[in-house]
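Welcome! Grab your favourite viewer and work through the exercises below, trying each task before you read its solution.

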Amino acid sequence: MIKGHIHSVESLGTVDGPGLRYILFTQGCLLRCQFCHNPDTWEIGAPSREVTADEIVNEVLPYIPYFNASGGGVTVSGGEPLLQLPFLEELFAKLKQHDISTCIDTSAGCFNDTPAFIHHFDNMQKYTDLFLLDIKHIDNEKHLKLTGKPNEHILKFARMLSDRKQPVWIRHVLVPGITDDKEDLIKLGEFINSLENVEKFEILPYHQLGVHKWEAMNLQYPLKDVEPPSDEEVKTAYDLVNFKGLTPLSK
């Protein structure tokens, strides 16, 4: 029996996909983002709640009236959900039996084109309505410094979803002095506008709400001296990206 490793859940989230959503935060991630507000989800082998797809479905069913009224559903976030593809295959197939909207919130840090990964991904994608794709940085070297991993495979993943006409919302965390360079934002916009499947683009202003988790884990928070961007800086970033699709999300 396949079991998923879940860090935590949020019963009625409002920022990870359309409508009111039941959000599963999975355990395990390959990226080590300097601004991560969930560092307690990093370790793949860390203690977590083990659940079956049926157990999650039974927890979700009472929320269907809220989903139906708001256009919501279930979002699997993380951590990195794509590390648990066989579990997601089974879970999303069962959710679709109840006509529940499904969404994956991913940084695609574990994406690869091995036959095993693509096989499970293909099976999961059949039951996935929407992807929320976080692009941490468009510049590969800066991405490596920021997250500990390169970004070529992440951009390749974005291209693949575009080729497949899979609906996607792209999100970018705006960190002053790190991800707000003018030329980088213009390049990010060029990349996003070259895709054919992006329904929305959202800038997520950097915040320090997760610093207490770093401290609790005895980790040194690398961005302690960085202040959140101003509203004007966020607006400037939107203008530089110049997304050509639908109206950007606003906070």
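## Exercise 1: Overall build

The protein has 9 helices and 8 strands, where helices (H or I, at least four residues) and strands (E, at least two) are DSSP runs numbered from the N terminus. Before going further, note that this is a predicted model, in which local features need pLDDT of at least 70, side-chain atom pairs count only at pLDDT 80 or more, and totals for chains, interfaces and linings use all residues. Residues are numbered from 1 along each chain as its sequence is written, and side-chain values use heavy atoms, with hydrogens and water left out.

**Task.** Compare the radius of gyration of the protein with the value for a compact globule.

**Solution.**
- Step 1: Take the radius over C-alpha atoms, and use the globule rule of 2.2 Å times the number of residues to the power 0.38.
- Step 2: For 251 residues the rule gives a radius near 18 Å; the protein has 18 Å, which agrees.
- Step 3: For the outline, the C-alpha atoms fill a box of roughly 45 × 45 × 40 Å along the principal axes.

## Exercise 2: Inside and surface

**Task.** Describe how the chain is packed and what the protein exposes.

**Solution.**
- Step 1: Buried residues make up 49% of the 251 residues; buried means under 20% relative accessible area, exposed over 50%, and partly exposed in between (1.4 Å probe, protein chains only).
- Step 2: Take contacts (heavy atoms within 4.5 Å). Among those between residues at least 6 apart in sequence, 74% join residues at least 24 apart.
- Step 3: The protein exposes about 11,700 Å², and carbon and sulfur atoms supply 52% of that area. Accessible areas come from the Shrake-Rupley method with a 1.4 Å probe; for residues, only the protein chains shown count as cover.
- Step 4: The mean positions of the 24 positive and 36 negative charges are 2 Å apart. Here Lys and Arg count as positive and Asp and Glu as negative, leaving out His and the chain ends; each charge is placed at NZ of Lys, CZ of Arg, CG of Asp or CD of Glu.

## Exercise 3: The nonpolar cores

**Task.** Which residues touch the most other members of the largest nonpolar core?

**Solution.**
- Step 1: A nonpolar core is a set of buried Ala, Val, Leu, Ile, Met, Phe, Trp, Tyr and Cys residues joined through side-chain atoms within 4.5 Å.
- Step 2: The largest core has 53 residues, and those touching the most other members are L82, L91, F121, M124, F157, I170 and F201.
- Step 3: Apart from this core lies another, of 16 residues, among them C33, L204, L223 and V226.
- Step 4: Back at L91, its contacts are L24, A53, I56, V57 and V76, not counting residues up to four places away in sequence.

## Exercise 4: Two loop residues in contact

**Task.** Are Q166 and N197 buried or exposed?

**Solution.**
- Step 1: Q166 sits in the loop between α6 (152-163) and β7 (168-174), and N197 in the loop between α7 (182-193) and β8 (198-205).
- Step 2: Q166 counts as buried because its relative accessibility is 5%. N197 counts as buried too, at 7%.
- Step 3: Leaving aside residues up to four places away in sequence, Q166 touches Q125, T128, D129, L130, F131, L161 and N197.
- Step 4: With neighbours within four places left aside, N197 is in contact with L161, S162, K165, Q166, P167 and V168.

## Exercise 5: Backbone surprises

**Task.** Where is the cis peptide bond, and which residues other than glycine have a positive phi?

**Solution.**
- Step 1: Recall that most residues other than glycine have a negative phi, and most peptide bonds are trans.
- Step 2: The cis bond joins G78 and G79, with omega about 5°. G79 is in the loop between β4 (73-77) and α3 (85-96).
- Step 3: N218 has a positive phi, near 60°. N218 lies in the loop between α8 (211-216) and α9 (231-241) and counts as exposed, at 72% relative accessibility.
- Step 4: N242 also has a positive phi, near 55°. N242 belongs to the segment after α9 and is partly exposed, at 37%.
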